[in-house]
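User: Can you walk me through this protein? I'd like to start with the rings and then the charges.

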Amino acid sequence: MSPVSVSTNRVVPGPQEPEEKTYHPSDGLFTDAHVPDFDAYLALYKKSTEEPEEFWADVAQEFYWKKPPSGPMLQYNFDVNKGNIYIKFMEGAKTNICYNILDRNVHERNLGEKVAYYWEGNSPDHHQNITYNQLLRNVCRCANALKLLGVKKGDRVAIYLPMIPELVYTMLACARIGAVHSIVFAGFSSESLCERIMDAQCNILVTADGVYRGDKLINLKKIASEALERCKERYVPVCCSLLSEEPLFTSTSHPSIIHTHSGALTQSETHAVYTAHTVCTKQCASIHSFISVQGVLHTVTGYMLYTSLTFKYVFDYHHDDVYWCTADIGWITGHSYITYGPLANGATSVLFEGVPVYPHVGRLWEIIEKYGVSKFYTAPTAIRLLMKYGREPLYDLSSLCVLGTVGEPINPEAWLWYYDVVGQQRCPVIDTFWQTETGGHVLTPLPAATPLKPGSATCPFFGVQPAILNEHGEELEGEAEGYLVFRKPWPGIMRGVYGNQERFESTYFRKFPGFYVTGDGCRRDQDGYYWITGRIDDMLNVSGHLLSTAEVEAALTEHPSVAEAAVVSQPHAVKGECLYCFVTLKDHKEFNRTLMEELKRKGQREKIGPIATPDFIQNAPGLPKTRSGKIMRRVLRQIARNEKDLGDLSTLADPKVVEVLFSQRCEAAA
């Protein structure tokens, strides 16, 4: 059965109703594409769902196996009424993920002198090229250093590092010796760091002296010390701190911290480099590869195959590409599409420590020009931020051929700016939907194969079988809107929540037995395309009508004065809930009553319907975002309700934004 039915006639973009148009890559842009057209996609998709054993066995042949699987390729139970939930893939197989993504590239594919990473520091003056040979040597030395500190197979290692090469060395060293890494975003507070150390029962913490984010200096050593103090209630892990050559801070740190100089984990005196066959610890298919956010567990074999395949096909990766994902490795996007997926394909990537607008608003475009980036992957929030500055900051972007988005649904206005201005109407915009739990892309276009609709995640990836259910668990056919679920697993899906099977089952499988529940709302259009409408908890019930905040936000940002919008619910005595909207204007645009009326009239009454008319529209010079670019809607809901007790704000890129929004809250006009 075909997952979609799409007209492939070329449509010329127009200014009205952009979501109804379809876009195609420029002629000749993908002459050697892995999936050259939609028919090829359908054929591969059919094989992946009807002959999954053969499909994934073919993918597995590209990797090294110490021992092949001893049973069926895939075994699972998604129905809580039939027993415990489990997913098993290639049970009995043994390999090492680090060997597959490093040693294999160096010794079998002769990629030793190829650049694995172009590292760009927070300052443009700081940069470094790291070849696969150098990466392998540094990872081996780091693995040896961790073993000297007592780390062994099965131990959990917390990593609290900025986007420096040592972060990659440490996480891959863990994979090399069979330890489980738990990477904590280097922006979390000491309390959050402590919670993650204790939740994963980590044996060791690897951190750094400090880090600059833009012009702000963050004392990571102090945060680590405070976290270790909190951990004393249960135990104190060993902590290794990487100091800069000239230490940034002189404050006394926790006594359990072992101080070394920057890069000391990679110095030759820590031990000679192991040979390829003695350094790697064999890992069974069911061995945990890493623990991510919220205790999500991923295993070696399935995750390795899935991230490798999604990277290759979704970005149409080829040997001469330069790829750049702007995410932080502290999040799953960085795990899958900065480290494991690209390295499994022998790719050259950009590793970026800085922020998009430092030291100037053209920093991202400058880096694209500098390295000739061909595949670029970033978040809609970053795109909307840069839209504020118009076309002027752009450099030579002619090297680009694929643009990707990740993290949240992209509104059509931002999609079109990305396509027109950054991609110069040549490059397809690949809007990927996936989660920490899915391990990799599950709904996504393919660059040469999929006709694109701005704002739609389009079609399922190979092996992924989506469905839409209503509140009663009934499956909806054809055009429909409801809960997005998946009926069968794929290799990269999570295997559990660390130490909490009950939470795993109740969160993802109990609401609709027999399905994995994403927690997202979804709409399927007449062509079978999927549109993510936002988290179910981001849905609003206005006078009995269920509205998607993402849909309202998309309507607001279609106004030519609006750069970005965020919508939350506000309690209402009559409606139950009403819309409270925050809008960030483009440079030199004025927030006034005329604009508010236009946003209400054109953006809502005409676009969605009268029920979507906002009760409140507030000017927001900035929105509260994490350092990875995600909007903290929890904070916006509290601002809308004038709740001053905001809790932990340590992940905010700019906490002053909250003060400004509270001070202007009284200006919000009904």
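Analyst: We'll take aromatic pairs, then some backbone spots, then salt bridges. One note before we start: this is a predicted model.

User: Okay, rings. How many aromatic pairs are there?

Analyst: The count comes to 41 aromatic pairs. Take Phe78 and Phe509 as one case. Their ring centres are 5.0 Å apart, and the planes meet at 55°, so the pair is tilted, which covers angles from 30 to 60 degrees.

User: Where do Phe78 and Phe509 lie?

Analyst: Phe78 is in the loop between strand E1 (74-77) and strand E2 (86-89). Phe509 is in the loop between helix H14 (501-508) and strand E25 (516-524). The two parts are 431 residues apart in sequence, so the pair ties them together.

User: Buried or exposed, those two?

Analyst: Phe78 is buried, and Phe509 is buried too.

User: What kind of pair do Phe486 and Trp490 form?

Analyst: An edge-to-face one. The centres of Phe486 and Trp490 are 5.2 Å apart, with 80° between the planes. Phe486 and Trp490 are both buried.

User: Which rings form a cluster?

Analyst: One aromatic cluster holds Phe38, Tyr41, Tyr45, Phe55, Trp56, Tyr306, Tyr313, Phe461 and Phe462.

User: And which charged residues lie over the face of a ring?

Analyst: Here are two. Lys88 lies over the face of Tyr86, at 5.4 Å from the ring centre. Arg523 does this with Trp531, at 4.7 Å from the ring centre.

User: New topic: helix H11. Which of its residues are buried?

Analyst: H11 covers residues 363-371. Its buried residues include Arg363, Leu364, Trp365, Ile367, Ile368 and Tyr371.

User: What comes just after H11?

Analyst: Gly372, with a positive phi of about 65°.

User: And on the other side, what about Pro359?

Analyst: Pro359 sits in the loop between strand E17 (348-352) and H11. The peptide bond from Tyr358 to Pro359 is cis, with omega near 0°.

User: Which residues other than glycine have a positive phi?

Analyst: Gln425 is one of them, with phi near 60°. Gln425 lies in the loop between helix H13 (412-422) and strand E20 (429-431). Asn642 also has a positive phi, of about 60°. Asn642 is in the loop between helix H17 (633-640) and helix H18 (656-663).

User: Why does Gln425 count as partly exposed?

Analyst: Its relative accessibility is 47%, and partly exposed runs from 20% to 50%, so Gln425 fits. Asn642 is partly exposed as well, with a relative accessible area of 40%.

User: Quick one. Where is Val180?

Analyst: Val180 is in strand E7 (residues 180-183). Val180 is buried, at a relative accessible area of 6%. Gly154 is 26 residues away along the chain, and the C-alpha atoms of Val180 and Gly154 are separated by 6.2 Å.

User: Now the charges. How many salt bridges are there?

Analyst: A search of the whole structure gives 22 salt bridges. As background, side chains of opposite charge can pair when their charged atoms come close.

User: What does Lys152 pair with?

Analyst: Lys152 forms a salt bridge with Asp155, and their closest N and O atoms are 3.6 Å apart. Lys152 counts as exposed, at 54% relative accessibility. Asp155 counts as buried, at 7%.

User: Which pair links distant parts of the chain?

Analyst: Asp209 and Lys221 form one such salt bridge, with the closest N and O atoms 3.6 Å apart. Asp209 is in the loop between strand E8 (204-208) and strand E9 (211-213), while Lys221 is in helix H7 (residues 220-231). They are 12 residues apart. Both Asp209 and Lys221 are buried.

User: How about Asp525 and Lys453?

Analyst: They form a salt bridge too, with the closest N and O atoms 2.8 Å apart. Asp525 is in the loop between E25 and strand E26 (530-535). Lys453 is in the loop between E20 and strand E21 (466-469). Those parts are 72 residues apart in sequence, so the pair ties them together.

User: Buried or exposed?

Analyst: Asp525 counts as buried, at 6% relative accessibility. Lys453 is buried, with a relative accessible area of 5%.

User: Last one. Which residues are linked in a network of salt bridges?

Analyst: Arg384, Glu408, Glu553, Glu564, Lys625 and Arg633 are linked in one.

Conventions: Residues are numbered from 1 along each chain as its sequence is written. This is a predicted model: local features need pLDDT of at least 70, side-chain atom pairs count only at pLDDT 80 or more; totals for chains, interfaces and linings use all residues. Side-chain values use heavy atoms; hydrogens and water are left out. Rings of Phe, Tyr and Trp (its six-membered ring) pair if their centres lie within 6.5 Å; planes under 30 degrees apart count as stacked, over 60 as edge-to-face and the rest as tilted. Helices (H or I, at least four residues) and strands (E, at least two) are DSSP runs, numbered from the N terminus. Buried means under 20% relative accessible area, exposed over 50%, partly exposed in between (1.4 Å probe, protein chains only). A charge sits over a ring if NZ of Lys or CZ of Arg is within 6 Å of the ring centre and within 35 degrees of the ring normal. A salt bridge is a side-chain nitrogen of Lys or Arg within 4 Å of a carboxyl oxygen of Asp or Glu.
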